[in-house]
Amino acid sequence: MAKIDDLIAQYGIDTDRMPEHIAIIMDGNGRWAKKRLMPRNLGHKQGQKQLKKTLIDCVQLGVKVLSVYVFSTENWRRPEEEVSFLLKFLKSSIQEEIDELVQEGVRLKFLGDLSEFDTPLLDMIQTAERMTAKNDTIQLNIMLNYGGRREILDAVKAFAHNGGDATKISEDDISQNVYTKQISDPDILIRTGGDIRISNFMLWQCAYSELFFLKTFWPDFGLETLLQVIQEFQSRDRRYGGLSE
Ligand code: IPE
Ligand code: IPE
Ligand code: MG
């Protein structure tokens, strides 16, 4: 704790104005591995370790929600071996980490179109959500088979399915039917890996998020990079279309 407190002071971060919700497009695992002449899968493994560290950092910083892009609706286009590695690795990670997540007070949510997954994975997801449902230190949203466009479509369908009149649908109705429902929109959206695009991530929720595009590959992200982002976030003027004070 001492180290993090020292760094918070060093970066001049105001602990009363911490972002509540941080969303991350964790990109660059493959290139991280390639640079080291290693197979891409080792990049994904290193990326998972980095996520664990970042989750703990967020807990210590008092962030309440962390949403991470783990697998997009477009990632099925990758070679079959990579897709199957990613899904197997996800299963083993849930199994290995669940007890610690329960202890740490992490509430796990899996958000995305989960209908395409096999029963063992769906069971595991359900169990993990149930085991952590009462936790409230931080909510970790694992965005899985997630696509922002599909999410908006699903929200409209859910609204109509529950008897809503689509000709009268409001922004609030969509907010209440997207996968994130009651959760506040991200204050910060970070994309690592050097590409400056959203890649179909949280299109509805990021309308007014502060965007950060970093050259750092995801496995090299760390506490100091996160603090630099928060420091800059606190210096930005969020006007929401209005004028500054
Ligand atoms: C992000 O890293 C993880 C997933 C999309 C699953 P990438 O695998 O996209 O890594 P790069 O972009 O190829 O380096
Ligand atoms: C976005 O990364 C998806 C995840 C991080 C899970 P991609 O690597 O799939 O994005 P593109 O293809 O470069 O836009
Ligand atoms: Mg990528």
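## Surroundings of ligand 2

Ligand 2 has around it Ile25, Met26, Asp27, Tyr69, Val70, Phe71, Asn75, Arg78, Arg191, Arg197 and Ser199. The model described here is a predicted one. Among the secondary-structure elements, strand β2 makes the greatest contribution to this shell, supplying three residues. The ligand occupies the largest pocket.

Polar side chains approach the oxygen atoms of ligand 2 at several positions. In Ser199, an N or O atom of the side chain lies 2.6 Å from an oxygen atom of ligand 2. For Asn75, a polar side-chain atom is found 2.9 Å from an oxygen atom of this ligand, and for Arg78 the corresponding distance from a polar side-chain atom to a ligand 2 oxygen is 3.1 Å. On its own, ligand 2 would expose 390 Å², of which the protein buries 78%.

## Surroundings of ligand 1

Ligand 1 is surrounded by 13 residues, and those that come nearest are Asp27, Gly30, Arg31, Arg40 and Arg78. Two side chains provide polar atoms at 2.8 Å: a polar side-chain atom of Asp27 lies at this distance from an oxygen atom of ligand 1, and an N or O atom in the side chain of Arg40 is likewise 2.8 Å from a ligand 1 oxygen. The backbone also takes part, with a polar backbone atom of Asn29 placed 3.2 Å from an oxygen atom of ligand 1. Of the 380 Å² of accessible area that ligand 1 has by itself, the protein covers 86%.

The space that ligand 1 takes up is the largest pocket. Three elements each give two or more residues to its shell, namely α2 (29–35), α3 (40–61) and α4 (80–104). Helix α2 provides the largest share, with three residues.

## Residues named for both ligands

Asp27 belongs to the residues surrounding ligand 2 and is also listed with those that come nearest to ligand 1. Arg78 likewise appears in the surroundings of ligand 2 and in the nearest group around ligand 1.

## Ser72 in strand β2

Strand β2 spans residues 65–72, and Ser72 lies within it. Is Ser72 buried or exposed? Its relative accessibility is 6%, and Ser72 therefore counts as buried, the cut-off for that class being under 20%. When neighbours within four places in sequence are set aside, the contacts of Ser72 are with Asn145 and Tyr146.

Key: Residues are numbered from 1 along each chain as its sequence is written. Chains are lettered from A and ligands numbered from 1 in the order in which they are written. This is a predicted model: local features need pLDDT of at least 70, side-chain atom pairs count only at pLDDT 80 or more; totals for chains, interfaces and linings use all residues. Side-chain values use heavy atoms; hydrogens and water are left out. Helices (H or I, at least four residues) and strands (E, at least two) are DSSP runs, numbered from the N terminus. Buried means under 20% relative accessible area, exposed over 50%, partly exposed in between (1.4 Å probe, protein chains only). Contact means heavy atoms within 4.5 Å. A residue is near a molecule or strand if one of its heavy atoms lies within 4 Å of it. A polar contact is a pair of N or O atoms within 3.5 Å; within protein, one must be able to donate a hydrogen and the other to accept it, and residues adjacent in sequence count only if both atoms are side-chain atoms. Accessible areas come from the Shrake-Rupley method with a 1.4 Å probe; for residues, only the protein chains shown count as cover. On a 1 Å grid over the protein atoms alone, a cavity is a set of points where a 1.4 Å probe fits but cannot get out, and a pocket is an open set with protein on both sides within 12 Å along at least five of seven lines; lining residues have an atom within 4 Å of a point. A molecule sits in a cavity or pocket if more than half of its atoms lie within 2 Å of its grid points.
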